[in-house]
Amino acid sequence: NYGLREGGGFVLLTGEVGTGKTTVSRCLRQQLPDDTDLALVVNPTLTERELLASICDEFKLSYGTEAGIKELFDCLRHYLLANRQAGRKTLLLIDEAQHLSAEVLEQLRLLTNLETDEAKLLQVVLFGQPELDEKLAQPSVRQLLQRIAFHYRLFGLNRLEIANYLGHRLRVAGYRGEPLFTSGAVRALERASGGTPRLVNILAHKSLLAVFGEGKRQVKAGHVRKAAQDTEGARSP
């Protein structure tokens, strides 16, 4: 949110699979102010022309079926200028951005070149896996790397954060009793999941099912160990 308020060209968020990038993206979209128009690209395995056409489609802009890169670029430029004159902001959000080719990344940089004396006409937010950091470190896209105003890397949750996360999920579900997960279970969850929220969800769910099947009311480390043995990608606690 701060990066967008500051008006920088690019904002970048990276993280391993399952660390919550899509959740953060959804949360960001829900918090956008009313004066912001959004284009969302969720399948970035595109050519330069396909990317520009996808952005035009998101903004509901008309263009010829045979329109080339220049025509699509000009169409977007006219739209961005009109939006700015109307006092509106324009945001492009790209998920799974590690799949963008060097040529498409360069096209994005050219789009962010469009500006007035006061501000950029387009802001771009990239969400991607750590491979995106490696791709942006290549000499061929160094000009884009210099345009990134804000960059944050999502890491896994630590033990305290996992405990708080479990408590929050249970409160949302309506639970108000004693902790359902012992401290040993939380330690086992941390080790088995590596702090990855998606794995925490899966392991905690399976652990609760195991406890329910035994007719008990509290998850212990042994239940988490059994859940980890039954879960792809989980480590042995």
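1. In this predicted model, the axes of helix 3 and helix 4 come within 9 Å of each other and cross at roughly 30°. Angles under 35 degrees count as roughly parallel, and helix 3 and helix 4 are therefore described as roughly parallel to each other. Helix 3 passes helix 4 in a left-handed crossing.

2. The residues that meet across this pair are Glu-48, Arg-49, Leu-52, Ala-53, Ile-55 and Cys-56 in helix 3, and Ile-69, Leu-72, Phe-73, Cys-75 and Leu-76 in helix 4. Sorted by class, the contact of helix 3 with helix 4 has 9 nonpolar residues and 2 charged ones, with no polar residues.

3. The pairing of helix 3 with helix 5 deserves to be read alongside this. The axes of helix 3 and helix 5 come within 9 Å and cross at roughly 45°, and these two helices are therefore oblique to each other. Here the crossing, as helix 3 passes helix 5, is right-handed.

4. The contact between helix 3 and helix 5 is made by Glu-48, Leu-51, Leu-52 and Ile-55 on the side of helix 3, and by Glu-103, Val-104, Gln-107, Leu-108 and Leu-111 on the side of helix 5. By class, the residues of this contact divide into 6 nonpolar, 1 polar and 2 charged.

5. Turning to helix 3 itself, which spans residues 48-58, the buried residues are Leu-51, Leu-52, Ala-53, Ile-55 and Cys-56. These buried residues pack against helix 4 (69-85) and helix 5 (102-112), and also against strand 2 (36-41) and strand 3 (89-94). After helix 3 comes Lys-60, whose phi is positive, near 60°.

6. The wider setting is a nonpolar core. The largest such core has 37 residues, and those with the most contacts inside it are Leu-92, Ile-94, Leu-108, Leu-111 and Leu-126. Two or more residues are given to this core by each of strand 1 (10-15), strand 2, helix 3, helix 4, strand 3, helix 5, strand 4 (123-128) and helix 6 (131-136), and helix 4 gives the most, with 6 residues.

7. Leu-126 is worth following on the structure. Leaving aside residues up to four places away in sequence, Leu-126 touches Phe-10, Val-11, Leu-12, Leu-13, Ile-94, Ala-97, Leu-100, Leu-108 and Leu-132. There is also a second, separate core of 20 residues, which includes Ile-162, Ala-185, Ala-204 and Val-224.

Note on methods: Residues numbered from 1 in each chain as written. Predicted model: local features only at pLDDT ≥ 70, side-chain atom pairs only at ≥ 80, totals over all residues. Heavy atoms only, no water. Buried < 20%, exposed > 50% of the residue type's maximum accessible area, 1.4 Å probe, protein only. Helix = DSSP H or I, 4+ residues; strand = E, 2+ residues; numbered from the N terminus. Contact = heavy atoms within 4.5 Å. Axes fitted to C-alpha atoms, helices over the stretch in contact; angles between N-to-C directions. Parallel < 35°, antiparallel > 145°, perpendicular 65-115°, else oblique. Left-handed = near helix turned anticlockwise from the far one by under 90°. Nonpolar A, V, L, I, M, F, W, Y, C, P; charged D, E, K, R; others polar. Core = buried A, V, L, I, M, F, W, Y, C linked by side-chain atoms within 4.5 Å.
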